[in-house]
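Visitor: I'm new to this structure and would love a close look at one part of it. Could you take me to the place where the ligand sits, and then on to what lies beside it?

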Amino acid sequence: MNRQLPPKAERHRHFGSVEPIEGLKPKEKEKMPDLQNKPDDYYFPIQKVGISKVKYPVMIESALVPTTQTTTAEFAMTTSLDAEFKGINMSRLTEQLHLFFQTHLLSIETLREFSAILAREMKQKASNVTVTFPWFFTKTSPSMNKEGMAHADVTLDVSFNEETGYTSKITLVAAVTTLCPCSKEISEYSAHNQRGFVTMSAIVDDHADVDWKQALLEAAESNASSILYPVLKRPDEKAVTEHAYENPRFVEDLVRLVASDLYENEAIRAFEIECRNEESIHQHDAIAQLSFSKEK
Ligand SMILES: Nc1nc2c(ncn2[C@@H]2O[C@H](COP(=O)(O)OP(=O)(O)OP(=O)(O)O)[C@@H](O)[C@H]2O)c(=O)[nH]1
């Protein structure tokens, strides 16, 4: 093609763009009706209203190397809404997010502060912030000490309530290897094994000085048949294969063993664990779920 195209504005018109109209409605913010803040009887209070799937870059700290890192987080931010308010001022959620996380690290402590800001800005009694992000950590192979980068998905979930205070929950999904005890027992040689996903959610004491990401990762990895590694040479591969064979686990075994570690951690008040094995001898998954509260 070799032709002179019309100017850009003309091209836009050609494809349907039109001039803006003068219009009758006010253009100044002060003259615009504020529907959200129109007091009336709107029948029901709402427990959670806000926005989700907000992507924002954040800095986090880690007990494992790299000890500080930037990652991309996905936020959901909500507040409660009393029955006499029509709506929340939604723009304030992303406004406050940008103001706050430009200068703050992401942690349970800063989320507590941020959740209280959201409730205050929205003039409501309760708020919730849920943030999911990939957390990265280096892993060294068991025999040859070859280093690489692994990751786990972390969710921090902090609720604020004017009357009851804060609740902090952390969820981590760790990928591990599980080797089937039954297969090991019945077979002349070998045993089927697979990648298992351990999802752990813990309600934690707000003031405990713990890197919860590391604590939950350790609970999953130390009880699995084997850990996953980014780099494995032949001596490493032999080591992980044999380690898995020495530590066979059903999904039931793994949720119970992880539960034992979380139970022993005094700063954890309640927990939920799911182990999901993507079975290598089936098309379906094997799952086990366990929940426990120390407060009952
Ligand atoms: N409450 C509510 N807001 C919505 C909804 N859908 C979109 N909006 C948002 O309404 C926002 C504009 O409203 P406000 O945040 O109240 O804006 P404002 O009143 O000029 O802001 P302030 O000066 O902080 O009061 C925009 O950010 C829209 O995204 C909805 O379903 N409910």
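Guide: Happily; here is a walk from the ligand to a pair of helices, with a short stop at a strand to finish. Please keep in mind that this is a predicted model.

Let's start with the ligand, which has Lys29, Asp34, Gln36, Ile88, Asn89, Met90, Ser91 and Arg92 around it. Three of these residues are worth a closer look. At Ser91, an N or O atom of the side chain is 2.5 Å from an oxygen atom of the ligand. The side chain of Gln36 also has an N or O atom facing a ligand oxygen, at 3.2 Å. Ile88 takes part through its backbone instead: a polar atom there is 2.9 Å from a nitrogen atom of the ligand.

Ser91 and Arg92, both around the ligand, bring us to helix H2, which covers residues 91–101. Its partner is helix H3, residues 108–121, and the two pack at an angle of about 145° with their axes 11 Å apart. The crossing of H2 past H3 is right-handed. On the H2 side, the residues that meet H3 include Arg92, Leu97 and Phe100, while H3 offers Phe114 and Ile117, among others. Sorted by kind, the residues of this contact are 8 nonpolar, 2 polar and 3 charged.

Our last stop is Ser201, in strand E6 (residues 193–204). Ser201 is buried, with a relative accessible area of 11%. Its side chain makes a polar contact of 2.7 Å with the side chain of Thr171. Ser201 also touches residues further along the sequence, including Ala270, Phe271 and Glu272.

Definitions and conventions
Residues numbered from 1 in each chain as written. Predicted model: local features only at pLDDT ≥ 70, side-chain atom pairs only at ≥ 80, totals over all residues. Heavy atoms only, no water. Helix = DSSP H or I, 4+ residues; strand = E, 2+ residues; numbered from the N terminus. Buried < 20%, exposed > 50% of the residue type's maximum accessible area, 1.4 Å probe, protein only. Polar contact = N/O pair within 3.5 Å; in protein donor to acceptor, adjacent residues only side chain to side chain. Contact = heavy atoms within 4.5 Å. Axes fitted to C-alpha atoms, helices over the stretch in contact; angles between N-to-C directions. Left-handed = near helix turned anticlockwise from the far one by under 90°. Nonpolar A, V, L, I, M, F, W, Y, C, P; charged D, E, K, R; others polar. Near = heavy atom within 4 Å. Lists of a residue's contacts leave out its neighbours within four places in sequence.
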